[in-house]
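Here are some short exercises for you to try with a structure viewer at hand. Work through each task before reading its solution.

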Amino acid sequence: MFKILLGEKEISINDRFTLILGKFKKDLLNHIHQVNILEILEDFSLIPINYFINIFKNHSKEYNDIEKSLKLLDLLSEYRTTIKSNILFIDRFSNIVQSMTLVLKYNLLLKNKNLLLKELELSKIKKTSNELAAIMDLLDKLNESINKNKRKVKYLEEDFFHLKNQRDQLEKNIQNCNLQIQDLNIQKKECFNQINKITREMEGSQNNKNNGLGLDDRHILSKSDRIREFQKQAKDSQFKINQIKKNLSKANLKFDKFKPNFEIYEKDYQSLVNLVKNDEKRIKTLQVELIEKSDNKRKDFLKELTLKKSYVNRPTKEIEDEIQQLNNILKDIMDSNIFIDNEKPSNLSKIKKKITEIDKMLTAEKKNLIISHEQRENIESIEHFRKLEVLIKNLELLLNGFLLTINLESHFQIIISEDNKKFLIHLQFIRSSNKVVRFDELTTPEKIFFIITFDISIKILLNSKNIVFSNLFIPKKYDKRSIFRTIRKIIPVFEKEKNLKNRTLIFIISNLELKKQIKNLKIINT
């Protein structure tokens with residue numbers, strides 16, 4: 001039995017489903033109403049999560065610490081601030097790296113420009129001296145020949161050394177076989193030497209016996225055993241020699257077939273290597289000759305210039321155009337980079353100074369770049385938040401058990417407010433046609449059904465055995481006549497679901513008339 005006090009009147013509830021009809025004031029029900037729907041009805045699409053936390057915390061000791069889940073907001077806020085600081089720092093550092101890259105690129109291009117200037121000078125020299133031009137042309141041809149032959153050497157190199165390794169392995173196998181045969185022949189010869197020695201000893205023993213010296217026959221027999229043992233060893237050695245000779249014969253045959261092909265590769269490879277070496281020697285001789293035949297003004301220039309690169313045959317105009325292109329690129333880099341020293345581009349003092357400033361800034365802002373929360377505190381807030389997520393999910397499952405009877409399904413999604421200061425539950429509904437709608441897009445009967453089942457589902461989660469609901473806690477703007485339709489639909493759910501069979505439903509309805517009886521519902525008029 002369950003008793004409800006309405007003002008001065010006490011009503012006893014003996015049935016599982018009871019409807020109390022009469023005229024009541026809302027303040028008479030404050031002591032029995034656990035969930036205030038009006039707190040969130042202003043915007044049912046975005047429900048503050050604090051609403052749920054307060055309900056569960058205030059009505060069950062099990063959820064006393066659930067409020068700690070909100071600390072996750074502070075943690076996320078700090079993460080966001082820290083990440084923003086890191087992004088700003090990385091952006092500054094990235095700009096410095098880009099500037100440094102441009103400084104290095106500038107110096108590299110400047111070096112290339114100097115080479116082009118030397119090439120231009122070399123081109124002019126060729127125009128003034130036929131003899132020097134002939135030497136330079138020959139140097140070009142030799143350089144071209146060297147590069148061509150080096151490519152061929154590289155192409156043959158892998159196959160050549162692979163074949164060489166095969167050749168070396170075959171020779172090693174043949175050598176090992178000959179050494180094994182040599183060792184076994186020595187062993188076999190030693191066995192025969194021992195047999196001859198023992199035989200002589202036995203003949204001497206037999207003569208002594210015939211002369212009446214009385215030697216034991218067993219002594220002679222033991223030497224016979226030894227002879228048989230040495231004979232066996234000699235035989236085993238000969239057997240091994242025969243086996244190794246077979247392998248040696250195969251190895252020699254394989255080597256004989258392999259050798260001609262390898263010799264061809266070796267000849268071609270060594271020929272190319274020798275050609276490269278000879279051309280390189282010839283180039284050194286021509287370089288000396290070129291310097292000796294040039295005038296004194298150009299000797300130092302020609303000594304400094306590396307003549308191993310093939311660049312002396314290009315037209316002067318082509319070289320001048322390339323120098324102009326480089327000048328344009330160098331100017332663009334110089335104009336866009338404040339860290340390049342105009343007088344001495346290789347001087348990196350400006351960029352080093354900026355890196356030092358970044359390093360000092362990193363030390364000064366270290367606290368803003370690192371998350372300060374302890375891991376244990378983080379884990380605790382996350383665990384409580386997961387507990388809250390489970391509660392919200394269970395509420396969604398309970399609620400959908402009722403909403404399915406009117407072809408609706410709710411979906412709760414936890415989000416963070418735009419100001420990042422609170423958690424909200426974004427509530428949407430899905431019709432049987434898979435159309436997604438908001439709360440304000442529901443029909444009035446659907447809204448009433450949701451409000452009632454939402455209230456009841458929360459009380460079920462709070463493990464209330466006697467669940468009380470009244471229309472006095474629904475805003476006046478809603479047409480409450482559909483309340484009875486809702487009651488008709490939810491009672492069968494309570495009768496069907498096992499986890500709901502031990503709960504009692506009491507509906508306190510004020511100023512509404514029930515025109516049609518509801519099955520299994522006890523009605524009390526006051």
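The exercises below go from the whole fold to single helices, loops and ion pairs, and they concern a predicted model.

**Exercise 1. The whole protein**

Task: Find how many helices and strands the protein has, and what share of its residues is buried.

Solution: Begin with the secondary structure, which comes to eleven helices and ten strands. Next, take the 526 residues and sort them by accessibility: 38% count as buried. The accessible surface adds up to about 33,000 Å², and carbon and sulfur atoms contribute 50% of it. Finally, look at contacts between residues at least 6 apart in sequence; 75% of these join residues at least 24 apart.

**Exercise 2. Two faces of a helix**

Task: Check the span of helix α6 (residues 316-336) and work out where its buried residues lie around the axis.

Solution: First, the length. With 21 residues at 1.5 Å each, α6 should span 30 Å, and its end C-alpha atoms are 31 Å apart, which agrees. Second, list the buried positions: T316, I319, I323, L326, L330, I333 and M334. Third, look down the axis of α6: these buried residues fall within an arc of 105°, so they line one face of the helix. On the other side of α6, the exposed residues are K317, Q325, K331, D332, D335 and S336.

**Exercise 3. A covered helix and its ion pair**

Task: Decide whether the salt bridge between D455 and K459 joins buried or exposed residues.

Solution: Start from the setting. Helix α10 (residues 444-461) is mostly covered, with 16 of its 18 residues buried. Its end C-alpha atoms lie 26 Å apart, close to the 26 Å expected. Now the pair: the D455 and K459 side chains meet at 2.7 Å, N to O. Because they are four residues apart in α10, about one helical turn separates them. With the cut-off for buried at under 20%, D455 at 0% relative accessible area is buried, and so is K459 at 1%.

**Exercise 4. Salt bridges elsewhere**

Task: Compare the pair E67 and K57 with the pair R438 and D440 in N to O distance and in exposure.

Solution: The count for the protein is 17 salt bridges. In one of them, E67 and K57 bring their closest N and O atoms to 2.9 Å. E67 sits in the loop between α1 (49-59) and α2, while K57 is in helix α1, ten residues apart. E67 is partly exposed at 37% relative accessibility, and K57 is partly exposed at 23%. For R438 and D440 the closest N and O atoms are 3.2 Å apart; R438 is partly exposed at 41%, as is D440 at 47%.

**Exercise 5. An arginine among phenylalanines**

Task: Which residues does R167 touch, and which residues share its salt-bridge network?

Solution: Locate R167 in helix α3 (residues 130-210); at 16% relative accessibility, R167 counts as buried. Leaving out residues up to four places away in sequence, R167 touches F255, F258 and F262. For charged partners, R167 is linked with K164, D168 and E171 in a network of salt bridges.

**Exercise 6. Positive phi**

Task: Where in the fold are N420 and N511 found?

Solution: Recall that most residues other than glycine have a negative phi. N420 has a positive phi near 60° and is found in the loop between β5 (408-416) and β6 (423-431). N511 has a positive phi of about 60°, and lies in the loop between β9 (504-510) and β10 (522-525). N420 is partly exposed at 31% relative accessibility, whereas N511 is exposed at 56%.

Terms used. Residues numbered from 1 in each chain as written. Predicted model: local features only at pLDDT ≥ 70, side-chain atom pairs only at ≥ 80, totals over all residues. Heavy atoms only, no water. Helix = DSSP H or I, 4+ residues; strand = E, 2+ residues; numbered from the N terminus. Expected span 1.5 Å × (residues − 1). Buried < 20%, exposed > 50% of the residue type's maximum accessible area, 1.4 Å probe, protein only. Contact = heavy atoms within 4.5 Å. Areas by Shrake-Rupley, 256 points an atom, 1.4 Å probe, with all protein chains shown as cover. Arc of directions from axis to C-beta. Salt bridge = Lys/Arg side-chain N within 4 Å of Asp/Glu carboxyl O.
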